[in-house]
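Please look over the structure shown here with its open spaces and its helices in mind. The briefing is meant to be read beside the sequence and the coordinates.

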Amino acid sequence: MTRNSVVVLGENRLAQELIALARAHGWEASAAAGAASVGAAVPLVVDAGAGDLHRKKANVEQLDAVLGASSVIVTSCLSACVTEQASGAVKNPARVVGFATFRPLKERKLVEVAGGLRSAETAIRAAEDFFKALGKETVRVKDAAGLTFPRILSLIINEAARALEEGVAAADEIDLAMRLGVNYPKGPLRWGDEIGLDEVLAVLEGLLRETGDDRYRPAPLLKKMVAAGFVGETAGKGFYSYRDGEEPT
């Protein structure tokens with residue numbers, strides 16, 4: 001493996017976008033079906049999956065067991081903080097760093113990076129260097145589920161889902177009100193479909209579990225839609241219906 005090598009875990013669109021962007025910037029980037037299949041010589045592994053805390057911890061533990069001592073693990077913090085993910089059976093928590101962003105990656109100028117309570121400065125810098133090499137700005141934020149902008153945006157999408165569920169307005173009316181009323185670049189429901197409602201739900205559930213604060217409780221409609229597989233653009237249905245080459249309806 002070369003110094004500019006990265007393996008990406010995750011079956012979501014963000015993982016695919018990370019691989020494509022890394023390759024476009026000269027990195028040797030590949031996907032791995034699971035943590036156990038990653039080779040020991042890989043210098044950097046990114047777990048881009050949202051997942052729940054149990055799955056995220058299992059991935060970090062497996063990666064920690066198979067990787068060489070100098071390898072760095074960068075894991076998505078959408079559903080759980082990096083300190084929790086790097087706890088328990090992880091023998092080398094200093095090499096584990098958190099990050100958060102939402103897809104589509106091409107629209108994101110910034111990626112948030114968070115060190116856990118036991119993350120080493122060298123590991124945090126390695127994560128920052130990787131994202132900067134992809135043409136992104138980075139900012140260090142406090143370790144928490146969802147970090148900063150994914151947390152705030154998920155709350156806005158959740159409130160829009162509640163408004164829809166309560167019959168305040170139709171989906172397109174809610175989105176129009178937010179675009180024209182407060183100059184949002186996209187309506188929150190359309191935005192949620194683009195991100196993936198499963199990832200929005202992961203942030204909310206992670207915050208609710210972490211804080212116990214009821215303001216993070218997901219709207220029942222949002223939970224039902226994810227359970228039904230209506231997670232947005234990638235599924236062809238979310239708050240809107242999607243067909244190839246047509247505007248969402």
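The points below take up two pockets and then one helix.

This is a predicted model, and its largest pocket holds about 420 Å³ of space, while the second largest pocket has a volume of about 270 Å³. Helix 8, which spans residues 197-211, supplies at least two residues of the lining of the largest pocket.

**Largest pocket**
- The lining of the largest pocket is made up of 17 residues, among which E11, G49, A50, G51 and R55 are the closest to the pocket centre.
- Helix 2 (53-66), like helix 8 (197-211), contributes at least two residues to this lining.
- Sorted by class, the lining of the largest pocket comprises six charged, six polar and five nonpolar residues.

**Second largest pocket**
- The residues that line the second largest pocket are R3, N4, W27, P43, L44, S70, V72, A126, D129 and F130.
- Helix 4, covering residues 121-133, gives the most to this lining, with three residues.
- Six nonpolar residues, two polar residues and two charged residues make up the lining of the second largest pocket.

**Helix 8**
- Because a helix is expected to rise 1.5 Å a residue, the 15 residues of helix 8 should span 21 Å, and this agrees with the 21 Å between its end C-alpha atoms.
- Buried positions of helix 8 include L197, E199, V200, L201 and A202, and the buried residues of this helix pack against helix 5 (149-165), helix 7 (188-195) and helix 9 (220-228).
- After helix 8 comes G212, which has a positive phi near 75°.

Technical notes: Residues numbered from 1 in each chain as written. Predicted model: local features only at pLDDT ≥ 70, side-chain atom pairs only at ≥ 80, totals over all residues. Heavy atoms only, no water. 1 Å grid on protein atoms, 1.4 Å probe; cavity = no way out; pocket = protein on both sides within 12 Å on 5 of 7 lines; lining within 4 Å. Points joined across faces, edges and corners; volume = space filled by probe spheres on them. Helix = DSSP H or I, 4+ residues; strand = E, 2+ residues; numbered from the N terminus. Nonpolar A, V, L, I, M, F, W, Y, C, P; charged D, E, K, R; others polar. Expected span 1.5 Å × (residues − 1). Buried < 20%, exposed > 50% of the residue type's maximum accessible area, 1.4 Å probe, protein only. Contact = heavy atoms within 4.5 Å.
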